[in-house]
Amino acid sequence: MTELPAFTPILLGSDMNVYGMARSFHELTGKPVAIYAREQLAPTRFSKIVDVHLIEHFDADPFFIDAMRKLVDQYAAVPGPKLLIACGDTYAELVSKHKDELSKTFICPYVDYDLLRQLNNKENFYIVCDQYHLPYPDTMIVTQAMYDSKVPVTAPFAFPLALKPANSVEWLNIHFEGRKKAFTIHSQVELNTIIGKMYDNGYTSDLILQDFIPGDDSNDRVVNAYVDQYHHVKMMCLGHPLLQDPTPYAIGNYVAILPEFDQALYDQLKTFLEAIQFTGFANFDLKYDRRDKTFKLFEINIRQGRSSFYVTLNGYNLAAWPVQDYIAGTLADQPTVFANEDAAKRQLWLGVGKSVFKKYAAENPAKDEALALLAKGQSGTTVFYKHDMSPKRWLLLRYMWHNYAVRYKQYFAENSAKA
């Protein structure tokens, strides 16, 4: 990229997602990045590339928009464009909700709120999938009214089943013993029990009950895309997750991703994103169904994901796309980049230590390919960044890696998907 005009990136969040974006901006500009969040989490601690500002209750209105109005005044005197990037579902929804007001000061590369509500809610997303002929698992909707009626919910497909909240943002605020991001259900008794726990502990939105697609974590796929302000897809990067976090509250978080190339899948999702007039980052979760040889969509996230640094790692810097789009103005005439076609350049992304990956990832040809990349030194992580290391940070990151090993010993046998 040629020399960039002066601009200020502003990130919302404090987890692995926001650190990945901060590192991407740092690799692009060499400058630290301002972060605003409700709380600080381990990935951003003792970091030299982020300047963290904590704001109480920042992840909910009216506190969010009140704080953002103060930031409008604070950044009024800062020269150049201000690029606002939300890292997380809650912050992305809040930016989209207040996009009209915030766009007077900040560049907000997000869809309008009406489209976000269609896509962020899994139930609504599947309606959109039907309209555009995108495959997803056989699905039944469970409502709170159905639970309140005391009539047991009977699924139209066989066990095991997948059960998850339709409203992922509301689910973030629901807590009880045994809570998970998603449940694999093996019996009618278990189904009745889990539905009861979800609604009895304050969840009010619908539930998604689905046919469980057989196979371990290595059947999953993730696609990250960037769509420019003119609704043209400019970058798509396919990842092949080989291992997930087994911790109940983190199930579904990928911790090992092998880059892949699939033009047919790229074309299918590109057509969809442009048809719905999308803009900004999109993150798709899918799973390959060997029964009918199709990729089934689980969800679309209106932001880059916590493991999306695999895109930057493989040479497609996440921060570069909105910067080229809105700051440099050089993206409009560029063709779509379909990532990872050259297998020789691929890098394995890891969110756990190599020993954990080697021990717990399922044995298959994709793991063999990943091990070959490790042997050649073609791998990397989000948090171990040579330009952001100190004794305190190194010790913290090693402690994080150790905790992952403990969590796999405790939870892997119970929560890994091997049906």
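Contact here means heavy atoms within 4.5 Å. Keep that in mind for Gln-268. One caution before the details: this is a predicted model.

Let's start with that residue. Gln-268 lies in helix α10, residues 263-275. Leaving out residues up to four places away in sequence, Gln-268 touches His-133, Leu-134 and Pro-135. Is Gln-268 buried, exposed or partly exposed? Its relative accessibility is 31%, so Gln-268 counts as partly exposed; buried would need under 20%, exposed over 50%. For a sense of distance, take Ala-42. Gln-268 and Ala-42 are 226 residues apart along the chain, and their C-alpha atoms are separated by 37 Å.

Now the helix itself. α10 has 13 residues, and at 1.5 Å a residue they should span 18 Å. The end C-alpha atoms of α10 are 18 Å apart, which agrees.

Which residues of α10 are buried? Leu-265, Tyr-266, Leu-269, Lys-270, Phe-272 and Leu-273. These buried residues cover an arc of only 165 degrees around the axis, so they sit on the same side of α10. Ala-264 and Thr-271 are on the other side of α10, and they are exposed.

Next, a pocket. The second largest pocket has a volume of about 270 Å³. It is lined by 13 residues, and the closest to its centre are Phe-7, Thr-8, Pro-9, Thr-29 and Lys-31. Three elements give two or more residues to that lining: β1 (8-12), α1 (16-29) and β2 (33-37). What is the lining made of? By class, 10 residues are nonpolar, two are polar and one is charged.

That's the tour. Over to you.

How values were computed. Residues are numbered from 1 along each chain as its sequence is written. This is a predicted model: local features need pLDDT of at least 70, side-chain atom pairs count only at pLDDT 80 or more; totals for chains, interfaces and linings use all residues. Side-chain values use heavy atoms; hydrogens and water are left out. On a 1 Å grid over the protein atoms alone, a cavity is a set of points where a 1.4 Å probe fits but cannot get out, and a pocket is an open set with protein on both sides within 12 Å along at least five of seven lines; lining residues have an atom within 4 Å of a point. Grid points are joined across faces, edges and corners, and a volume is the space filled by probe spheres set on the points. Helices (H or I, at least four residues) and strands (E, at least two) are DSSP runs, numbered from the N terminus. Ala, Val, Leu, Ile, Met, Phe, Trp, Tyr, Cys and Pro count as nonpolar, Asp, Glu, Lys and Arg as charged, and the others, Gly among them, as polar. Buried means under 20% relative accessible area, exposed over 50%, partly exposed in between (1.4 Å probe, protein chains only). The expected span of a helix is 1.5 Å times one less than its number of residues. The arc is that of the directions from the helix axis to the C-beta atoms.
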